[in-house]
Amino acid sequence: DATDWLKKTPDANKKVFYLAPYITLFLNIDPNDTARSGGLWGMNSQRPDLNMPHGSIMIWDSHYGPNEGKIKLDTLLKNPNLTLLHRFDPVEKFSVIGGMDYGIWIFRKK
């Protein structure tokens, strides 16, 4: 749902930062194309926006984001350089590592 939504927005062709490995498959982006695709691995956990070009998109999910990426949702929500575009929650809730309910949040760097 998240990638289908993104494909219908004006941000569809922006560079996308993500951790979930299926994102590039659903967006039909070459994961090796650094002009369109970037990982959250190694980003500054307190200021991930520092590594993002203006206008780029971050697809953060509650499994990979805090666990593999070490980036907390609260950090993103409080970041004045990021705008929350949309949030997706599954129909049936389930918890991920760390006890958070699974969800996907899409942000744009201002």
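Does K70 count as buried or exposed, and at what relative accessibility? In this predicted model, K70 counts as exposed, at 55% relative accessibility. The place of K70 is the loop that runs between α3 (64-67) and α4 (73-77). The backbone at K70 has a phi near 60°, a positive value in a residue other than glycine. Most residues other than glycine have a negative phi. A second case is provided by N28, which is not a glycine either and has a positive phi of about 55°. N28 is found in the loop between α2 and β2 (37-39). With a relative accessible area of 72%, N28 is exposed, because the threshold for that class is over 50%.

The strands present another environment. Strand β3, comprising residues 57-61, is mostly covered, with five of its five residues buried. Side chains leave β3 in two directions: I57, I59 and D61 point one way, whereas M58 and W60 point the other way, and all are buried. On one side of the pairing scheme, β3 is joined to strand β1 (residues 16-18) in the parallel sense, over two bridges. Within this pairing, F17 has M58 of β3 as its bridge partner.

β3 also pairs with strand β5 (residues 104-109), here in the antiparallel sense and over five bridges. Two of the residue pairs can be named: I57 has R108 of β5 as its bridge partner, and I59 is matched with I106 of β5. β5 is itself mostly covered, five of its six residues being buried. A further antiparallel pairing, over six bridges, links β5 to strand β4 (residues 82-88). In that pairing, T83 stands opposite R108 in β5. R108 is thus a partner both of I57 and of T83.

In soluble globular proteins, nonpolar side chains tend to be buried together. The largest nonpolar core of the model has 15 residues, of which V16, I23, L27, I59, I104 and I106 touch the most other members. Helices and strands both contribute to this core, as α1, β1, α2, β3 and β5 each supply at least two of its residues. Apart from it lies another core, of 13 residues, which includes L19, M58, L82 and F107.

The surroundings of I59 illustrate how elements meet in this region. Leaving aside residues up to four places away in sequence, I59 touches L6, V16, F17, Y18, L19, I23, L27, L40, I104, W105 and I106. Among these contacts, I106 is also the bridge partner of I59 in β5. L19, likewise a contact of I59, is a member of the core of 13 residues.

The largest pocket has a volume of about 220 Å³. Its lining consists of 13 residues, and D1, A2, F88, Y102 and I104 lie nearest its centre. Of these, I104 is also among the residues that touch the most other members of the largest nonpolar core. Two helices, α1 (2-7) and α2 (23-27), each supply at least two residues of the lining. By residue class, the lining of this pocket divides into nine nonpolar, two polar and two charged residues.

How values were computed. Residues numbered from 1 in each chain as written. Predicted model: local features only at pLDDT ≥ 70, side-chain atom pairs only at ≥ 80, totals over all residues. Heavy atoms only, no water. 1 Å grid on protein atoms, 1.4 Å probe; cavity = no way out; pocket = protein on both sides within 12 Å on 5 of 7 lines; lining within 4 Å. Points joined across faces, edges and corners; volume = space filled by probe spheres on them. Helix = DSSP H or I, 4+ residues; strand = E, 2+ residues; numbered from the N terminus. Nonpolar A, V, L, I, M, F, W, Y, C, P; charged D, E, K, R; others polar. Buried < 20%, exposed > 50% of the residue type's maximum accessible area, 1.4 Å probe, protein only. Pairing = 2+ DSSP bridges. Core = buried A, V, L, I, M, F, W, Y, C linked by side-chain atoms within 4.5 Å. Contact = heavy atoms within 4.5 Å.
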